[in-house]
Amino acid sequence: LMPFLHLPVQSGSDKILKAMNRKHSAADYLGIVEKLRAARPDIALSSDFIVGFPGETEADFEDSVKLIETVGFASAYMFKYSPRPGTPAADKAEQIPEEVKEERLARLLETATRCQLNFNRSSIGRTMPVLIERVGRKDGQAIGRTPYMQSVVLENALTLMGQMVDVRIDEAYEYSLK
């Protein structure tokens, strides 16, 4: 089992998961996370979240925030619900106003970013294998990825392009390591 896994959940609210026609509950999801961490304690997880699904209350939204905080995702992909013609949800009367969806998305992003920064900070001082993938923005910089899919900025590493090298992590930011 690799140390990074994308495990979509969509929402932390059982009511919303059911309305989305998902076959799992938040507790089911947390049970899977628990089993994964038992098998691989160093596993990092990412997930997908949708805010503003028709009928989502503030309490439903807060369930998603709590799930993100409980799991401590290394990264997350978040989207505002948008109706798609022909889907059952598009015809529901309980559509969430756009400004509420935007505000919830911003709050969810803030929570997920805090978790991601905490995860990245836990890498400081570690030496990890990094696959050097591309040229960075500044002269001489290269960008690579850890086994946890974290971007790593390396100075004077262009000759290592395409190689896997052990790299000591000295700094951590919200979206990258150095």
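Here is a walk through the structure, starting with one helix and ending at the surface. The model is predicted, so to speak of local features a pLDDT of at least 70 is needed, side-chain atom pairs count only at pLDDT 80 or more, and totals for chains, interfaces and linings use all residues. Residues are numbered from 1 along each chain as its sequence is written, and side-chain values use heavy atoms, with hydrogens and water left out.

Let's begin with helix α2, residues 26-39. Helices here are DSSP runs of H or I with at least four residues, strands are runs of E with at least two, and both are numbered from the N terminus. Helix α2 has 14 residues and reaches 20 Å from its first C-alpha to its last, close to the 20 Å expected at 1.5 Å a residue; that expected span is 1.5 Å times one less than the number of residues.

Which residues of α2 are buried? They are A26, Y29, V33 and L36. (Buried means under 20% relative accessible area, exposed over 50%, and partly exposed in between, using a 1.4 Å probe and protein chains only.) Seen down the axis of α2, these buried residues fall within an arc of 85°, so they line one face of the helix. The arc is taken from the directions from the helix axis to the C-beta atoms. Turn to the face pointing away from that buried side and you meet the exposed residues A27, E34, K35, A38 and A39. As for neighbours, the buried residues of α2 pack against β1 (4-6), α1 (14-19), β2 (44-51) and α3 (58-71).

Helix α3 is a good next stop, with S64 in it. Is S64 buried or exposed? It is buried, because its relative accessible area is 3%. Leaving out residues up to four places away in sequence, S64 touches S11, G12, S13, F49 and L108, where contact means heavy atoms within 4.5 Å.

Now for the charges. Side chains of opposite charge can pair when their charged atoms come close. A salt bridge here is a side-chain nitrogen of Lys or Arg within 4 Å of a carboxyl oxygen of Asp or Glu, and a search of the whole structure finds 14 of them. In one, the side chains of D42 and R40 meet at 2.6 Å, N to O. D42 is partly exposed at 32% relative accessible area, and R40 is partly exposed at 25%.

Other bridges join distant parts of the chain. E102 pairs with K80, their closest N and O atoms 3.7 Å apart; E102 sits in helix α4 (residues 98-121) and K80 in strand β3 (residues 75-80), 22 residues apart. Between strands, E133 bridges to R145, with the closest N and O atoms 3.6 Å apart. Here E133 belongs to β4 (residues 127-135) and R145 to β5 (residues 142-145), twelve residues apart. There is also a network of salt bridges linking E56, E58, E62, E103, R104 and R107.

Last comes a nonpolar surface patch of about 240 Å², made by V135, L158 and M161. Patches are built from residues with over 30% relative accessible area and no salt bridge, joining like charges within 9 Å and nonpolar side chains (Val, Leu, Ile, Met, Phe, Trp, Tyr) within 5 Å. Accessible areas come from the Shrake-Rupley method with a 1.4 Å probe, and for residues only the protein chains shown count as cover. L158 lies in the loop between β6 (151-154) and β7 (164-168), and at 38% relative accessible area L158 is partly exposed.
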